[in-house]
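Visitor: I would like to go through the pockets and sheets of this model with you, one question at a time. Please show me the structure before we start.

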Amino acid sequence: MIEKKLDAELRTSDFGTRGSRRLLRSGRIPAVVYGKNEPLHVTVDARTFNNNRKGYGESTLITLNVKGEKEHEVFVKTFQEDLLRNVIHHIDFYEVTRGQTVRTHVRIELEGTAAGVKEGGVLDQVIHEVEIECLPKDLPEILTLDVSALKMNESLKLSDIKLAEGVKIHGDLDETVATVKPVKVEAAPAAEEAADAAAPADAATAETK
């Protein structure tokens with residue numbers, strides 16, 4: 001489990017679209033904390049969040065230190081982003097309670113080089129994340145799946161992922177996560193052109209006979 005800290009300030013006024021724009025211009029991102037009690041409106045420093053956002057995911061617990069309030073243990077559930085301007089407009093934090101299970105999505109990473117790839121096949125990862133349930137203290141950053149023994153035309157399922165004690169996958173355990181397929185061999189363009197060129201000549205020869 002990865003834990004990080006992030007400072008925040010209460011947002012008690014200046015709501016609405018115009019208020020959000022003013023906050024963004026001042027270098028703050030409007031956000032809301034929900035999941036336990038009434039939604040708590042806060043703001044966080046845009047530069048701090050942007051510099052660390054690659055590490056903020058649904059599998060990363062964050063201690064949100066709200067000025068004038070108690071600390072809140074949260075993870076980033078989602079955020080609204082302007083991809084063209086690379087600006088985050090709003091963040092949704094989900095608050096968790098120690099001792100109570102939480103359901104969230106965790107990324108799946110493949111480890112090793114599949115035996116089928118060494119034989120000339122191609123490794124295809126079908127599922128990249130999965131929903132899990134566990135206590136906050138047991139929340140894994142990622143789930144790993146060793147594909148080293150995976151041969152040509154074989155596949156690994158969700159049930160093949162080794163889970164730590166207390167972690168449960170929500171989903172069809174028979175669903176394929178990764179598979180190795182043979183490379184499709186296409187006819188060489190040069191060979192096809194040669195065959196096309198030979199066809200008229202063969203036809204002409206047949207006519208003269």
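Guide: In this predicted model, the lining of the second largest pocket divides into five nonpolar, three polar and two charged residues. We can begin from there.

Visitor: Which element gives the largest share of the lining of the second largest pocket?

Guide: The residues lining the second largest pocket are R21, L24, I29, A46, N50, R85, N86, V87, I88 and H89. Two or more of the lining residues come from each of α1 (16-25), α2 (46-52) and β6 (87-95). The largest share, three residues, is supplied by β6.

Visitor: What volume does the second largest pocket have, and what is the volume of the largest pocket?

Guide: The space in the second largest pocket comes to about 180 Å³. For the largest pocket, the volume is about 220 Å³.

Visitor: Which residues that line the largest pocket are the closest to its centre?

Guide: The lining of the largest pocket holds 14 residues, which by class are three nonpolar, five polar and six charged. Both β1 (2-10) and β7 (102-111) supply at least two of the lining residues, and the largest share, three residues, comes from β7. The closest to the centre of the pocket are K54, G57, S59, T60 and R107.

Visitor: In the open sheet of four strands, what is the average twist from one strand to the next?

Guide: This sheet has the strand order β10-β7-β9-β12 with mixed pairing, so that β7, which also contributes to the lining of the largest pocket, belongs to the sheet as well. Its edge strands, each pairing on one side only, are β10 (142-146) and β12 (168-170). From one strand to the next, the twist averages 45°.

Visitor: Which residue in β12 is the bridge partner of E131?

Guide: Strand β9 (residues 129-134) runs antiparallel to β12, and three bridges join the two. Within β12, the bridge partner of E131 is H170.

Visitor: By what angle are neighbouring strands of the three-stranded open sheet turned against each other on average?

Guide: The three strands follow the order β8-β13-β11, and their pairing is antiparallel. The edge strands here are β8 (122-125) and β11 (155-157), each of which pairs on one side only. With direction ignored, the average turn between neighbouring strands of this sheet is 10°.

Visitor: And which residue in β13 is the bridge partner of D124?

Guide: Four bridges connect β8 with strand β13 (residues 176-181), and the two strands pair in the antiparallel sense. In β13, the bridge partner of D124 is T179.

Technical notes:
Residues numbered from 1 in each chain as written. Predicted model: local features only at pLDDT ≥ 70, side-chain atom pairs only at ≥ 80, totals over all residues. Heavy atoms only, no water. 1 Å grid on protein atoms, 1.4 Å probe; cavity = no way out; pocket = protein on both sides within 12 Å on 5 of 7 lines; lining within 4 Å. Points joined across faces, edges and corners; volume = space filled by probe spheres on them. Nonpolar A, V, L, I, M, F, W, Y, C, P; charged D, E, K, R; others polar. Pairing = 2+ DSSP bridges. Axes fitted to C-alpha atoms, helices over the stretch in contact; angles between N-to-C directions.
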